[in-house]
Amino acid sequence: MLAFPSTYSVGITSLGYQVVWATLARRADVDVRRLFTDQGDPPHRRCDLFGLSLSWELDGPVLLDLLERNRIPLWASERGDDDPIVFGGGPVLTANPEPLAPFLDAVLLGDGELLLPSFIDALQACRQAPRGERLAHLATVPGIYVPALYRPDYAADGSLLAVSPVHPDLPASVAKQTWQGNTLSHSTVVTPEAAWPSIHMVEVVRSCPELCRFCLASYLTLPFRTPSLDDGLIPAVEKGLTVTRRLGLLGASVTQHPQFADLLQWLDQDRFADTRVSVSSVRAATVTPELGRILARRGSKSLTIAIESGSERMRQLVNKKLATEEIFAAARYAKEGGLTGLKLYGMAGLPTEEEADIEATASLLLELKKATPGLRLSLGVSTFVPKAHTPFQWQGVRPEAEKRLKLLAKRLRPKGVELRPESYGWSVIQALLSRSDRRLAPVIAAARGQHESLGGWKRAYRAVLAGEVERPAGMPPPPPWEDVIHATWSVERVLPWDHLRGPLSKAVLGDHARRSLLGAA
């Protein structure tokens with residue numbers, strides 16, 4: 001059973017979920033069924049594997065609902081030989097699986113193209129063995145993390161000392177696996193019921209070469225990878241266009257594919273006149289009049305760029321290699337090309353940010369509006385949330401961000417600039433989940449049924465802390481709320497994910513952080 005913690009329309013739009021499902025479905029030795037929160041394929045009489053793809057921290061409690069619906073014990077320690085192996089993957093679990101680790105038998109760290117075949121082969125080799133032997137065998141496979149075989153140790157004051165293997169034959173750390181193939185992923189399901197109806201998605205790039213210091217999508221997925229145009233992208237596009245005339249080009253920075261201009265020229269042929277093309281976020285400095293013209297000709301209405309801040313100081317701090325004049329040029333080229341809208345993304349509450357930096361963001365948007373009359377502008381803005389395996393993993397959420405989101409609304413909305421802020425409260429819970437360790441698991445379990453409200457999470461946390469909710473035997477109380485969410489941590493601190501190796505070492509990430517923050521001093 002392969003589950004997604006949302007509805008069918010949302011889940012089937014996830015390219016990662018589609019790829020995992022298709023990889024399993026192609027195997028003759030696997031019979032895979034899909035499960036969403038609102039529907040599912042007919043279940044097996046017996047389920048040997050239960051998998052979940054997790055791309056957003058706040059979906060964690062939904063995993064438990066899906067397990068309960070399928071009569072699978074929530075806690076991995078309570079499962080027996082006849083229960084399924086519960087495994088998970090995706091960016092959230094690759095970055096820091098520890099808050100959900102007590103619910104999972106195995107975590108696949110990294111790219112599914114490599115991990116899924118190894119995972120299934122390893123299980124097939126010992127499928128008749130007792131559960132403990134199967135898990136021990138899985139733990140020998142590169143990139144497969146078996147939480148039950150790694151034990152956290154805490155000091156008397158509650159600080160984490162280490163997460164160590166329970167047996168000397170196990171590796172001290174588990175490394176993320178990286179797919180280096182010439183082709184990336186594309187849709188295997190095209191349906192009008194998807195959140196993006198009848199669209200064929202093609203992954204143009206994986207990772208991002210810019211290395212913005214907060215960015216999980218860049219740091220966790222290194223190195224930056226690009227499929228070839230003739231052997232990868234064009235065949236993937238042609239395959240999709242046999243069933244739909246809607247094409248989505250995906251990636252953290254699609255225009256930085258070295259042959260992206262050639263791909264655009266190819267799509268500019270008259271035979272694609274009835275094809276609607278949309279692209280995900282593009283780097284502002286790569287926007288050209290030609291890009292705007294071809295996208296407008298292929299049905300796009302707007303372009304999306306991430307600016308992070310209107311303050312040059314803040315952009316330098318986060319390593320956003322983007323000058324103010326390049327932002328204005330991107331808006332101008334988008335309009336000249338025939339696009340009618342420009343969506344910008346920014347952040348509030350970045351390390352060292354001051355109110356003047358937020359004012360600079362508001363001023364930039366208002367100046368853009370004057371400089372490009374008729375171009376519809378919108379600003380999506382979120383609160384900075386620290387993510388594992390990034391240079392800003394040691395930084396906390398800044399409480400000032402809540403007030404600064406309101407300041408942006410006050411400056412921009414009366415002037416006709418659409419502002420789409422993400423909830424500060426949900427950013428707090430996101431940080432709680434992104435920086436915690438296994439001690440948070442009882443809180444996640446207690447939050448079920450009330451996890452869609454900030455108050456529900458706080459009540460669950462207080463209930464576990466007060467002992468009103470039973471914790472697994474030997475599990476200490478949850479980590480301190482303020483420390484996990486708001487504190488700036490020492491670089492010497494043992495992190496919950498230190499035993500899980502990402503693309504760059506802790507020392508390199510610390511060096512990137514120091515260089516950014518020293519430059520801001």
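# Close-up views of a predicted model

The crossing of helices α9 and α10 is left-handed. That is where our tour of this predicted model begins, and the views that follow take one spot at a time.

**View 1. Helices α9 and α10 pack against each other at an angle of about 35 degrees.** Welcome to the first pair. Helix α9 covers residues 260-267 and helix α10 covers residues 289-297, and their axes lie 10 Å apart. From α9, the residues Phe260, Leu264 and Gln265 take part, and they meet Glu290, Leu291, Ile294 and Leu295 of α10. Sorted by class, this contact holds 5 nonpolar residues, 1 polar and 1 charged.

**View 2. Helix α10 has buried residues, and several elements cover them.** Which residues of α10 are buried? They are Leu291, Gly292, Ile294 and Leu295. Their cover includes the helix α9 from the previous view, along with β12 (276-279), β13 (302-308) and α12 (324-336). After α10 comes Gly299, with a positive phi near 90 degrees.

**View 3. Helix α9 also packs with α8, at an angle of about 40 degrees.** Here the axes are 12 Å apart, and the crossing of α8 with α9 is right-handed. On the α8 side you can look for Leu229, Leu233, Ile234, Val237 and Glu238, while α9 brings Asp262, Leu263, Trp266 and Leu267. By class, the α8 and α9 contact counts 7 nonpolar residues, 2 charged and no polar ones.

**View 4. Helix α2 is largely enclosed by the rest of the structure.** Why can this be said of α2? Because 8 of its 11 residues, in the stretch 15-25, are buried. If you would like to find them, they are Leu15, Tyr17, Gln18, Val19, Val20, Ala22, Thr23 and Leu24.

**View 5. The largest nonpolar core has 135 residues.** In soluble globular proteins, nonpolar side chains tend to be buried together. Within this core, the residues that touch the most other members are Phe50, Phe119, Leu138, Leu249, Leu303, Ile305 and Leu344. Apart from this core lies another one, of 13 residues, including Ala95, Tyr219, Leu495 and Leu509. Back in the largest core, Phe119 makes a good place to pause. Setting aside neighbours within four places in sequence, Phe119 is in contact with Leu49, Phe87, Ala106, Leu108, Leu138 and Ile144.

**View 6. Cys47 and Cys126 have sulfur atoms 16 Å apart.** How many disulfides does a search of the whole structure find? The search finds 0. Cys47 is in no disulfide, and the cysteine sulfur nearest to its own is that of Cys126. Why is there no bond between Cys126 and Cys47? Their sulfurs, at 16 Å, are too far from each other for a bond, since a disulfide needs the two sulfur atoms within 2.5 Å. The surroundings of the two cysteines can be told as well: Cys47, at 22% relative accessibility, counts as partly exposed, whereas Cys126, at 13%, counts as buried.

**View 7. The peptide bond from Leu222 to Pro223 is cis.** Its omega is near 0 degrees. To find the spot, follow the loop between α7 (216-219) and α8 (229-240), where Pro223 lies.

**View 8. Thr352 and His389 each have a positive phi of about 70 degrees.** Neither Thr352 nor His389 is a glycine. Thr352 sits in the loop between β14 (341-348) and α13 (355-371). His389 has its place in the loop between β15 (376-383) and α14 (400-412). Buried or partly exposed: how does each residue stand? Thr352 is partly exposed, with a relative accessible area of 34%, whereas His389 is buried, at 7%.

**View 9. Val491 lies in the loop between α18 and β17.** The loop runs between α18 at 481-485 and β17 at 500-501. With a relative accessible area of 34%, Val491 is partly exposed. Which residues is Val491 in contact with, leaving aside neighbours within four places in sequence? They are Trp394 and Lys506. Val491 can also be paired with Gly510: 19 residues separate them in sequence, and their C-alpha atoms are 6.9 Å apart in space.

How values were computed. Residues are numbered from 1 along each chain as its sequence is written. This is a predicted model: local features need pLDDT of at least 70, side-chain atom pairs count only at pLDDT 80 or more; totals for chains, interfaces and linings use all residues. Side-chain values use heavy atoms; hydrogens and water are left out. Buried means under 20% relative accessible area, exposed over 50%, partly exposed in between (1.4 Å probe, protein chains only). A nonpolar core is a set of buried Ala, Val, Leu, Ile, Met, Phe, Trp, Tyr and Cys residues joined through side-chain atoms within 4.5 Å. Contact means heavy atoms within 4.5 Å. Axes are lines fitted to C-alpha atoms, for helices over the stretch in contact, and angles run from 0 to 180 degrees between N-to-C directions. Helices (H or I, at least four residues) and strands (E, at least two) are DSSP runs, numbered from the N terminus. A crossing is left-handed if the near helix is turned anticlockwise from the far one by less than a right angle, and right-handed if clockwise. Ala, Val, Leu, Ile, Met, Phe, Trp, Tyr, Cys and Pro count as nonpolar, Asp, Glu, Lys and Arg as charged, and the others, Gly among them, as polar.
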